[in-house]
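Please look through the sequence and the 3D view first, and then follow the report below, which moves from a single residue to aromatic rings and then to the empty spaces.

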Amino acid sequence: MDPLPPLNALRAFEAAARHLSITVAADELNVTPGAVSRQIRMLEEMLRVQLLHRGHRQISLTRQGEDYYRAVTKAIEALREATLRLTRRSRRKQLKVRAYTTFAMRWLIPRLSSFHSANPGIEVLLTASLDPVEFRKEDIDGAIRLGDGKWSGVNTHRLVPNVLLPVCSPALLAAGPKIRKPADLQHQTLLHSIARPDDWGYWLEAARVDHRIDARGGMTYQSSAMAYAAAIEGQGFAIAQRFLVEGDLASGKLVAPFKQTVDMGDFTYYLLTPSDRKESASMATFRQWLLSQFTEARA
C-alpha cells in the first residue's frame, strides 16, 4: 500500500491553506510558525508537488494546492464527524430490551421517540422474539413478556390489563348479514394469530356460543399485528387485545361489534428484569417511563 501523508503535516497544510497564513495556522495549532512551515515542506517533498506560493508576508495556493486542499478538507471533516459520532455513541448508555413483534410495532415503537427525547443519554436497542427469555445466557437488560407473572429468577412489573374483544372493519360490519349477537359470527371468517391460538376460544366461551362456532377455524397469521391489519382490510373478525387496537377504534379503522369482553386477569403483559443483578440506572429510568405510560393511559 502507498504510504499516507502524516496527519500532522496534513493538519498544518489545511490550517495554513484555510487562513492563507502560516502565523494564524500556528496559533490555531499551538505550535510555532517554523513548525508549520517545516510540516508543509515535508508534505510537498513527499508529494513532489508545490502546494503553496510563498511571498514576503503572505502565501497563496498553487493550482495543485487548491485541488489538494479541497480533498484534504473533506477527509478531515469526514474523520472529525466519524470521531464525534463514535464518542457520542460511547457516552450513551445502551439498553437492550426484547418485546413481541405486535407489542413493539403497535404500542412501544410509536412511543419510544418520547423516551429518547426525554433521555438522550440512553439508547434503547429493541428486538422482537417469541422465544423465552434467559437472562443468564443472553445479553439483554429487560423483556416484555405475556404470562401469569410467575417466572423464576426475574423481577416482574405488571403493565396493562389484557382485555380481549372482537374487532372488524366498519365496511365489513355494514355489508352482508347483520351481526347483532355473538352467535352471528357462525358464518363469518375468524382471524387468528399463531402466537395466540386460544383467544377466540376464551371469548366465545365467555359469550356462551363456543359450541356453535369453530374457535380455531378461519384464517391464521404469524402475528396479531398481521391479523389486525387483515381485519382493517375487511378480511374477517379478529380477536384483539384492547390496548393494542385503541387507536384504530378511536380513528374508526376498526369497530367492536359486541359489548362482551374478556379480562384475562393475571395473564397479561409484564416487564421482566433479572433478579440476580443490580438494576442499572438506565433500566430504572426505562422501567419508570414504561410504567408511567400505562398509568397515564388509564387516567
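## A residue, some rings and two spaces

Threonine 273 has its place in strand E12, which covers residues 268–274. The model described here is a predicted one. Threonine 273 has a relative accessible area of 3%, and because buried means under 20%, this residue counts as buried. Leaving aside residues up to four places away in sequence, threonine 273 touches Phe135, Asp141, Gly142, Val154, Asn155, His157 and Met283.

Turning to the aromatic rings, the structure holds 15 aromatic pairs. In one of them, the rings of phenylalanine 286 and tryptophan 289 have centres 5.7 Å apart and planes at 35 degrees, so the pair is tilted. Both residues belong to helix H10 (residues 281–298), where they are 3 residues apart, which is about one turn of the helix. Phenylalanine 286 is buried, with a relative accessibility of 0%, and tryptophan 289 is buried too, with a relative accessible area of 10%.

Elsewhere in the sequence, Tyr100, Phe103, Trp107, Phe243, Tyr269 and Phe294 form one aromatic cluster. Tyrosine 100 also has a charged partner, since the charged end of arginine 145 sits over its ring, 4.1 Å from the ring centre.

Tyrosine 100 appears again in the largest pocket, where Tyr100, Leu130, Ser193, Ala195 and Arg196 are the lining residues that lie nearest the centre, out of 24 that line the pocket. At least two lining residues each come from helix H5 (101–118), strand E5 (142–147), helix H7 (199–206) and helix H8 (224–232), and H5 gives the largest share, with 3 residues.

Besides this pocket, there is the question of enclosed space: how many cavities of 30 Å³ or more does the count give? The count comes to 1 cavity, and the largest cavity is lined by Leu191, His192, Ser193, Arg196, Asp199, Ser224, Ala227, Tyr228 and Ile239. The elements that give two or more residues to this lining are strand E8 (190–193) and H8. Ser193 and Arg196 are thus found in the lining of the cavity and also among the residues nearest the centre of the largest pocket.

The table sets out the volume and the lining of each space.

| Space | Volume | Residues of the lining |
|---|---|---|
| Largest pocket | about 460 Å³ | 11 nonpolar, 8 polar and 5 charged |
| Largest cavity | about 50 Å³ | 4 nonpolar, 3 polar and 2 charged |

How values were computed
Residues numbered from 1 in each chain as written. Predicted model: local features only at pLDDT ≥ 70, side-chain atom pairs only at ≥ 80, totals over all residues. Heavy atoms only, no water. Helix = DSSP H or I, 4+ residues; strand = E, 2+ residues; numbered from the N terminus. Buried < 20%, exposed > 50% of the residue type's maximum accessible area, 1.4 Å probe, protein only. Contact = heavy atoms within 4.5 Å. Phe/Tyr/Trp six-rings, centres within 6.5 Å; stacked < 30°, edge-to-face > 60°. Lys NZ or Arg CZ within 6 Å of the ring centre and 35° of its normal. 1 Å grid on protein atoms, 1.4 Å probe; cavity = no way out; pocket = protein on both sides within 12 Å on 5 of 7 lines; lining within 4 Å. Points joined across faces, edges and corners; volume = space filled by probe spheres on them. Nonpolar A, V, L, I, M, F, W, Y, C, P; charged D, E, K, R; others polar.
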